[in-house]
Amino acid sequence: DRTIIIPTTQYEEKDLKQILRIRCEEEDTEISDDALTVLTKVGGETSLRYAIQLISVASFACKKRKGTEISVEDIKKVYSLFLDEQRSCEFLKEYQDEFMFNDTDSSEHVKESTEQTMETN
């Protein structure tokens, strides 16, 4: 019946860094200070969820190169392979004409379909 409005604020960089460091510890993953700084910047520009997801993928990239801790190169590699929401939307908008069943003139299509009536007899 009642609603409570809880205001939220954007995390500061030091908070993001601490959250990401804790997440690395929880995943038993070592990360260099430089890589953590880059990951913090990515988290600030995109989202904390995206940055957290990059940790586990960067850990796989690190293991593949037989490294002991996530490096800046690992973060850069997985950042280029996995898009965040904004870059994904930009990609879809840029290449929308090349997708199957592309209907860029959807407003005209909707108008035509609403004008057609269904036969009920």
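C24 is buried in this predicted model, at a relative accessible area of 2%. C62 is likewise buried, with a relative accessible area of 5%. The count of disulfides nevertheless comes to zero. The chain that holds these cysteines contains six helices and zero strands.

**Cysteines**

- C24 has a relative accessible area of 2%, and C62 has one of 5%; both residues therefore fall under the 20% limit for buried positions.
- A disulfide is counted where two cysteine sulfur atoms lie within 2.5 Å, and by this rule the chain has zero disulfides.
- C24 belongs to helix 1 and is one of the residues through which that helix meets helix 3.

**Overall architecture**

- Read along the sequence, the chain follows the pattern α-α-α-α-α-α.
- The chain has 121 residues, of which 24% count as buried.
- The exposed surface of the chain is about 10200 Å², and carbon and sulfur atoms supply 49% of this area.
- Of the contacts between residues at least 6 apart in sequence, 55% join residues at least 24 apart.

**Packing of helix 1 and helix 3**

- Helix 1 spans residues 13-26 and helix 3 spans residues 48-64; their axes come within 10 Å and cross at roughly 30°.
- The crossing of these two helices is right-handed.
- On the helix 1 side, the contacts involve L16, I19, L20, R23 and C24.
- On the helix 3 side, the partners are L48, A51, I52 and I55.

**The loop between helix 4 and helix 5: D84**

- D84 lies in the loop that links helix 4 (72-81) to helix 5 (85-94).
- D84 counts as buried because its relative accessibility is 7%, under the 20% limit.
- The side chain of D84 reaches the backbone nitrogen of Q86 at 3.2 Å.
- Leaving aside residues up to four places away in sequence, D84 touches T46, Y50 and Y79.

**The loop between helix 4 and helix 5: F82**

- F82 is also found in the loop between helix 4 and helix 5.
- At 40% relative accessibility, F82 counts as partly exposed, whereas D84 is buried.
- Leaving aside residues up to four places away in sequence, F82 touches Y50, V57 and R87.
- F82 and V57 are 25 residues apart in sequence, and their C-alpha atoms are 9.2 Å apart in space.
- Y50 is touched by D84 and by F82.

Terms used:
Residues numbered from 1 in each chain as written. Predicted model: local features only at pLDDT ≥ 70, side-chain atom pairs only at ≥ 80, totals over all residues. Heavy atoms only, no water. Buried < 20%, exposed > 50% of the residue type's maximum accessible area, 1.4 Å probe, protein only. Helix = DSSP H or I, 4+ residues; strand = E, 2+ residues; numbered from the N terminus. Polar contact = N/O pair within 3.5 Å; in protein donor to acceptor, adjacent residues only side chain to side chain. Contact = heavy atoms within 4.5 Å. Areas by Shrake-Rupley, 256 points an atom, 1.4 Å probe, with all protein chains shown as cover. Axes fitted to C-alpha atoms, helices over the stretch in contact; angles between N-to-C directions. Left-handed = near helix turned anticlockwise from the far one by under 90°.
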